[in-house]
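Colleague: I would like to go through this model with you, one question at a time. Please keep the reasoning short.

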Amino acid sequence: MATSPTDRRQARAVRLGPRSLTALALVSAVGVAGFGWPFLAPPGSQIGAHAQDAPWLFAGLLVLLVAVVAAAISESGLGPKAVAMLGVLAATGAALRPIGAGTAGIEPMFFLMVLSGRVLGPGFGFVLGSVTMFASALLTGGVGPWLPFQMLAMGWFAMGAGLLPGPDRLRGRTELAMLAGYGFLAAFAYGTVMNMAGWPFMSALASNVAFDPHAPLAANLARFVAYCVATSLGWDLGRALVTVVLTLVLGPAVLRALRRATRRAAFETPVTFEPPRQ
């Protein structure tokens with residue numbers, strides 16, 4: 001049976017309204033500063049003297065992330081079905097993360113974030129990515145000053161999948177290839193961004209790839225690239241390949257299941273009550 005355009009259209013479980021957009025923009029701006037301050041601060045500035053305090057200062061991002069989630073949920077008027085789907089997907093992603101424990105980049109949760117963000121939109125994707133990372137940290141005991149950075153990076157990762165073109169028209173192998181390509185590149189981007197969160201706190205005396213607050217921008221960029229190659233390239237490549245393989249193999253079934261569940265849940269359909277018949 002042919003599928004009508006109405007059935008093929010995706011329902012957005014979380015729409016980004018004005019308050020949500022403002023909160024998301026604020027979080028992202030602080031996040032860019034939190035991740036990229038080594039490249040934004042001039043050489044020899046006093047910011048470098050407080051490098052060891054930065055993780056705790058930027059841990060305040062967690063409060064802003066919670067505000068984004070609260071604003072998105074309250075403004076969009078989510079019903080219990082959408083909240084339930086958010087909980088199920090976040091719990092599934094949190095359960096998938098410890099499977100590989102990060103070994104050689106075997107992290108299957110990333111492909112689920114890509115597919116969920118694609119089907120349910122950028123707003124839902126950002127909320128799902130940050131909530132999933134928070135839940136997985138509680139599950140694995142990985143709570144620390146790095147958690148807000150992980151939540152923000154994963155939120156960006158899943159939100160980007162929701163911003164890919166053709167959400168209502170593109171299907172089949174073309175869509176899978178696009179999602180696999182995005183997952184491959186975004187897996188490297190996630191690893192690179194998280195490297196930026198930890199790299200400045202290495203002692204410059206301990207390694208020639210550590211951040212040097214007195215070095216010019218070009219020198220620190222070269223140090224950072226060398227740091228990424230030496231410490232995380234293998235893990236990032238493993239994460240990217242696992243994401244591509246799972247997207248191509250399991251993607252069709254997961255996409256169909258997510259789209260079917262979204263249509264049946266009808267998140268955006270207003271609830272109405274009919275008067276009893278006389």
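**Buried charges and their partners**

Colleague: Is Arg239 buried or exposed, and what is its relative accessible area?

Modeller: The model is a predicted one. A residue counts as buried when its relative accessible area is under 20%. Arg239 meets that cut-off, so it is buried, with a relative accessible area of 7%.

Colleague: Which residues are joined with Arg239 into one network?

Modeller: Salt bridges that share partners make up this network, and Arg239 is one of its members. The other members are Glu107 and Asp236.

Colleague: How far apart are the closest N and O atoms of Arg239 and Glu107?

Modeller: Side chains of opposite charge can pair when their charged atoms come close. A salt bridge needs a nitrogen and a carboxyl oxygen within 4 Å. Arg239 and Glu107 form such a bridge, and their closest N and O atoms are separated by 2.8 Å.

Colleague: How many residues apart in sequence are the parts that this pair ties together?

Modeller: Glu107 is in the loop between α5 (80–100) and α6 (109–140), while Arg239 is in helix α10. The pair therefore ties together parts whose separation in sequence is 132 residues.

Colleague: By about how many helical turns are Asp236 and Arg239 separated?

Modeller: The side chains of Asp236 and Arg239 also meet in a salt bridge, at 2.8 Å from N to O. Asp236 is buried, with a relative accessible area of 4%. Because the two residues are three apart in helix α10, the separation is about one helical turn.

Colleague: What is the N to O distance in the salt bridge of Arg259 and Glu175?

Modeller: The structure has four salt bridges. In one of them the side chains of Arg259 and Glu175 meet, with an N to O distance of 2.5 Å.

Colleague: Which helices does the pair of Arg259 and Glu175 link?

Modeller: The two residues are 84 apart, so the pair links distant parts of the chain. Arg259 is buried at 9% relative accessible area, and Glu175 is buried at 2%. Glu175 belongs to helix α8 (residues 172–198) and Arg259 to helix α10.

**Aromatic rings**

Colleague: How many aromatic pairs does a search of the whole structure find?

Modeller: The search covers the whole structure, and its count of aromatic pairs is seven.

Colleague: What is the angle between the planes of Phe35 and Trp156?

Modeller: Planes under 30 degrees apart count as stacked and those over 60 as edge-to-face, so a pair between these values is tilted. Phe35 and Trp156 form a tilted pair with a centre to centre distance of 5.9 Å, and the angle between the planes is 50 degrees.

Colleague: How many residues apart are Phe35 and Trp156?

Modeller: Phe35 is in helix α2 (residues 18–40) and Trp156 in helix α7 (residues 147–162). The pair thus links distant parts of the chain, with a separation of 121 residues.

Colleague: Is Trp156 buried or partly exposed?

Modeller: Its partner Phe35 is buried, with a relative accessible area of 4%. For Trp156 the value is 23%, so this residue is partly exposed.

Colleague: Which residues form one aromatic cluster?

Modeller: One cluster of aromatic residues is made of two Phe and two Tyr residues. They are Phe110, Phe157, Tyr182 and Tyr190.

**Surface and overall layout**

Colleague: Which residues form the positive surface patch?

Modeller: Patch residues need over 30% relative accessible area. Arg260, which lies in helix α10, has 37% and counts as partly exposed. The patch consists of Arg256, Arg260, Arg263 and Arg264.

Colleague: What is the area of the nonpolar surface patch made by Val245, Leu248, Val249 and Leu250?

Modeller: Leu250 lies in helix α10 (residues 233–265). Leu250 is partly exposed, with a relative accessible area of 38%. The patch that Leu250 makes with Val245, Leu248 and Val249 has an area of about 350 Å².

Colleague: How many helices and how many strands are in the protein?

Modeller: From the N terminus on, the elements run α-α-α-α-α-α-α-α-α-α. The count is therefore ten helices and zero strands.

Colleague: What percentage of the residues of the protein count as buried?

Modeller: The protein has 278 residues. With buried taken as under 20% relative accessible area, the buried share is 47%.

Terms used:
Residues numbered from 1 in each chain as written. Predicted model: local features only at pLDDT ≥ 70, side-chain atom pairs only at ≥ 80, totals over all residues. Heavy atoms only, no water. Patch = residues over 30% accessible without salt bridge, like charges linked within 9 Å, V, L, I, M, F, W, Y side chains within 5 Å. Areas by Shrake-Rupley, 256 points an atom, 1.4 Å probe, with all protein chains shown as cover. Helix = DSSP H or I, 4+ residues; strand = E, 2+ residues; numbered from the N terminus. Buried < 20%, exposed > 50% of the residue type's maximum accessible area, 1.4 Å probe, protein only. Lys, Arg positive; Asp, Glu negative; His and termini not counted. Charge placed at Lys NZ, Arg CZ, Asp CG, Glu CD. Phe/Tyr/Trp six-rings, centres within 6.5 Å; stacked < 30°, edge-to-face > 60°.
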